[in-house]
Amino acid sequence: MKTTINKLDKISIIVPCFNEEESLPLFYKETMKELHQIDGTEYEFIFVDDGSNDRTISVLKELSIQDDNCNYYSFSRNFGKEAAMFAGLQKATGDYCVIMDADLQHPPKLLKDMYYALKVEQYDCCAGKRMDREGEGKLRNFLSRSFYKVIQRLTNMDMSDGAGDFRMMSRVMVDAILQIQEYNRYMKGIFSFVGFDTKWIPFNNTERVAGETKWSFKSLFGYAMEGIVSFSTKPLKLAGIIGVLLLVVSFFFGGYLLFQLLLQNHVSGTYVLMEVILLVSSLQMIFVSILGQYLSKDYLENKKRPIYIVKESNTHHV
Ligand code: UDP
Ligand code: MG
């Protein structure tokens, strides 16, 4: 009797879903089509319903009844895409994990190439890089680009524009990501933080298949601030730098005043007052900056809140 010695590789497909009732059936269909083309693999879907208030949960229930390889976890409220991705990675059991948006903006066609990059070319990560921003508003486009320029400067990490969350990762990389338990999660920073060799595959942006984007300007701004604050303390250092510059100015000015006094010239009281203010405020800025840096470290460490709470799931291990 012929036995197969090679165990099939399992690909886990993690899908954060927030109000995606319309996109999900199509997403499942299209993705399955591509999965069937990848030989020697089995798959599982991990759908994470991020507190949707439409019929997303019913659609997921139907899918899990139809296909045993579909699992879902439904959050008790909207915890955000970051938390949904983390939950998905925690629940995934595959040798390879891929994170995909439910709206088909991440082309399932790339799955085969991604798997090849990991399996054959031995990369630990293969990520899609969006080459354009078609289908997005002009203002949003401009703001996003500017944000990535700023963050690149501030953090010295590779968080380039277009590098989204669409990526396939090896088990080792996923385990590394799972070790990072911080509450303030900024996934793009975490991907870059854990390292590993990444292959980039370009793809073109398309409009979402159904529904609309879940990101308002307010949430994008919050997301941008999160990225800067969680991965950089440079803004705090800036206060220190300004403080030092002011201190230098105050030294020169003070020196000048002292010189005038030594020459027994008249020194206006206003100048003396200015010098005192300059000196004291520069010292204050320097110490505020130092204090801020101590605080920021402790503050970020101490928030050990749960990252999400699962309300229900079709598996027993919640
Ligand atoms: N998403 C989520 N929680 C949220 C917002 C979005 O799980 O609070 C999911 C959403 O269902 C989709 C993915 O994250 O699968 C990307 O969201 P969207 O398409 O709205 O973002 P965009 O493509 O416009 O950046
Ligand atoms: Mg989208």
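# A guided tour of the predicted model

Begin with the side of helix H1 that faces away from its buried residues: Lys 29, Lys 33 and His 36 are exposed there. This is a predicted model, and the tour moves from this helix to the core, then to individual loops and strands, and finally to the annotated segments.

**Helix H1, the other face.** Keep H1 (residues 23-36) selected; its 14 residues reach 20 Å from the first C-alpha to the last, close to the 20 Å expected at 1.5 Å a residue. Now colour Ser 23, Leu 24, Phe 27, Tyr 28 and Thr 31, which are buried. Looking down the axis of H1, one finds these buried residues within an arc of 125 degrees, so they line one face of the helix. An α-helix has 3.6 residues a turn, so residues three or four places apart point the same way. To see what covers the buried residues of H1, display strand S1 (9-17) and helix H2 (56-66), which are among the covering elements.

**The whole chain.** Zoom out before going further. The chain contains ten helices and eight strands, and 30% of its 318 residues count as buried. Of the contacts between residues at least 6 apart in sequence, 85% join residues at least 24 apart.

Colouring by confidence is useful at this point. The mean pLDDT of the chain is 83, with 86% of the residues reaching 70 or more. Confidence is highest in strand S4, at a mean of 96, and lowest in strand S8 (residues 310-313), at a mean of 60. Where pLDDT is low, the predicted coordinates should not be read in detail. For the complex, the predictor gives an ipTM of 0.94 and a pTM of 0.70.

**The nonpolar core.** Which residues have the most contacts inside the largest nonpolar core? Select Ile 14 and Val 98, which hold that position in a core of 54 residues. Centre the view on Ile 14: leaving out residues up to four places away in sequence, Ile 14 touches Ile 46, Met 85, Gly 88, Leu 89, Ala 92, Cys 97, Val 98 and Ile 99.

Next, select helix H3 (residues 81-91), where ten of the eleven residues are buried. Met 85, Gly 88 and Leu 89 are among the buried residues of H3, and these three residues are also among those touched by Ile 14. The buried set in H3 further includes Lys 81, Glu 82 and Lys 91.

**Two loops with positive phi.** Most residues other than glycine have a negative phi. Select Leu 104, whose phi is near 65 degrees. Leu 104 belongs to the loop between strand S4 (96-99) and helix H4 (110-119). With 19 other C-beta atoms within 10 Å, Leu 104 is partly exposed.

Continue past H4 to Gln 122, a further residue other than glycine with a positive phi, of about 65 degrees. The loop holding Gln 122 runs between H4 and strand S5 (125-130). Is Gln 122 buried or exposed? Gln 122 counts as exposed, because it has 10 C-beta neighbours inside 10 Å.

**Phe 166 and helix H6.** Move to strand S6 (residues 163-170) and pick out Phe 166. Phe 166 counts as buried because it has 21 C-beta neighbours inside 10 Å. Apart from neighbours within four places in sequence, Phe 166 is in contact with Ile 99, Met 100, His 106, Ala 127 and Gly 128. A distance label between the C-alpha atoms of Phe 166 and Asp 101 should read 7.5 Å, although these residues are 65 apart along the chain.

Now select helix H6 (residues 171-179) and show Met 173, Val 174 and Ile 177, which are buried. These residues cover an arc of only 100 degrees around the axis, which puts them on the same side of H6. Rotate to the face turned away from them to find the exposed residues Asp 175 and Gln 179.

**The annotated segments.** Finally, select residues 238-259 and 271-295, which an unreviewed UniProt entry annotates as "transmembrane region". In the model, residues 238-259 are 100% helix, with end C-alpha atoms 32 Å apart. Residues 271-295 are likewise 100% helix, and their end C-alpha atoms lie 36 Å apart.

End the tour at Gln 260, in helix H9 (residues 234-262). Gln 260 is partly exposed, with 14 other C-beta atoms within 10 Å. Beyond its neighbours within four places in sequence, Gln 260 is in contact with Asn 265 and Val 267.

Conventions
Residues numbered from 1 in each chain as written. Chains lettered and ligands numbered in written order. Predicted model: local features only at pLDDT ≥ 70, side-chain atom pairs only at ≥ 80, totals over all residues. Core = buried A, V, L, I, M, F, W, Y, C linked by C-beta atoms within 7 Å. Buried ≥ 20, exposed ≤ 12 C-beta atoms within 10 Å, placed from the backbone. Contact = placed C-beta atoms within 7 Å. Helix = DSSP H or I, 4+ residues; strand = E, 2+ residues; numbered from the N terminus. UniProt positions renumbered as here; feature names shortened; annotations may be inferred. Expected span 1.5 Å × (residues − 1). Arc of directions from axis to C-beta. pLDDT = per-residue confidence, 0-100.
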